[in-house]
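Colleague: Please give one part of this model a close look: its salt bridges, pair by pair, and then the pocket that one of the paired residues helps to line.

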Amino acid sequence: MLRVLWSRLADAAIFRGTIPTSPAMEIVYRDLFLRELARAGVEDVFYPVGGAANHGLLYLIARALNTFDIPSVVELGAGQTTLLLDRMAKAGGDRPAIRTVEHDPRWAERIGAQVAHPLIAAPLRSRRMDGRKVSFYDVDPAELGRDIALAVIDGPPASTARRRFARLGAFELLRDRLAADCIVIVDDAERIGERRLSRLFEAHFRSRGCDYAIGRVHANKCQTVIATGRFRGAAHF
């Protein structure tokens, strides 16, 4: 009993960071998201409930695609954001090259059947990242292409204390494949693992002398946005 209680306390508190969420803002970002959908001429067929992407994340992606000419997108973790990327790409003029990576083969097949872009099913394997043992996608970086302009990091699963640093692998996977002008969106940024991931990207851009800016969205969940070059404005969405 004590072990179960401790596990639940760990999942609820220990892996959380110090960035506060703001659930009351969810309705605000829903309104903003609907505005961006209207701009793009995309129907609202999305379900930002449960463990799915919240309105804050959907808004960030939709506004980025509406505001900037983004030629390439890589998404880690399939779901509502995958459907949004597909619908926005189909509604726009020049379609970006989109690639989604997902660890669950059944979920990858289900979502992949609903979109036009490649969905890469990549199992998780153990590796060391930032001095920690994590389970991350076993994917060939070459499958993601180069000069990635928008990276959306919402996978693999990292919602328990045992898996809280799982997404650190995204830094090693993406850092050398990002375009000089790019946007990196880290979902669940209120959690300690995602906070660490955001700092790794920030240190990387700083060490390279990039012109970058950082912003955050606070609603049911938080997102950190790190944007460089001509996309710096995305940090202030």
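Modeller: Glutamate 172 is a fair place to start: with a relative accessible area of 38%, it is partly exposed (buried is under 20%, exposed over 50%, partly exposed in between, for a 1.4 Å probe and protein chains only). The model is predicted, so local features need pLDDT of at least 70 and side-chain atom pairs 80 or more, while totals for chains, interfaces and linings use all residues. Residues are numbered from 1 along each chain as its sequence is written, and side-chain values use heavy atoms, without hydrogens or water.

The model has 20 salt bridges, each a side-chain nitrogen of Lys or Arg within 4 Å of a carboxyl oxygen of Asp or Glu. One of them joins the side chains of glutamate 172 and arginine 127, with 3.8 Å from N to O. This pair connects distant parts of the chain: glutamate 172 belongs to helix H6 (residues 169-174) and arginine 127 to strand E4 (residues 124-129), 45 residues apart. Helices (H or I, at least four residues) and strands (E, at least two) are DSSP runs, numbered from the N terminus. Arginine 127, at a relative accessible area of 16%, is buried, whereas its partner glutamate 172 is partly exposed.

A further salt bridge is formed by the side chains of aspartate 154 and arginine 167, at 3.5 Å from N to O. Both residues sit in the loop between strand E6 (148-153) and H6, and they are 13 residues apart. Aspartate 154 counts as buried at 18% relative accessibility, and arginine 167 counts as buried at 5%.

Aspartate 187 and lysine 221 form another, their closest N and O atoms lying 3.3 Å apart. Aspartate 187 is in strand E7 (residues 178-187) and lysine 221 is in the loop between strand E8 (212-218) and strand E9 (222-228), so this salt bridge ties together parts 34 residues apart in sequence. Aspartate 187 and lysine 221 are both buried.

These last two pairs belong to one network of salt bridges, made up of Asp154, Arg167, Asp187, Asp188, Arg191, Glu194 and Lys221.

Asp154 also leads to the pocket. The largest pocket holds about 600 Å³ of space. It is lined by 34 residues, and those closest to its centre are Gly51, Ala52, Ala53, Ala78 and Asp154. A pocket is an open set of points on a 1 Å grid over the protein atoms alone where a 1.4 Å probe fits, with protein on both sides within 12 Å along at least five of seven lines; lining residues have an atom within 4 Å of a point. Helix H4 (80-91) and helix H5 (105-112) each give at least two residues to the lining of the largest pocket. By class, this lining has 14 nonpolar, twelve polar and eight charged residues; Asp, Glu, Lys and Arg are the charged class, and Gly is among the polar.

H4 appears again in the second largest pocket, where helix H3 (55-67) and H4 are the elements that supply two or more lining residues. That pocket has about 200 Å³ of space and 13 lining residues, with Leu65, Met88, Gly92, Asp94 and Pro96 nearest its centre. The lining of the second largest pocket divides into seven nonpolar, three polar and three charged residues.

Definitions and conventions. Grid points are joined across faces, edges and corners, and a volume is the space filled by probe spheres set on the points.
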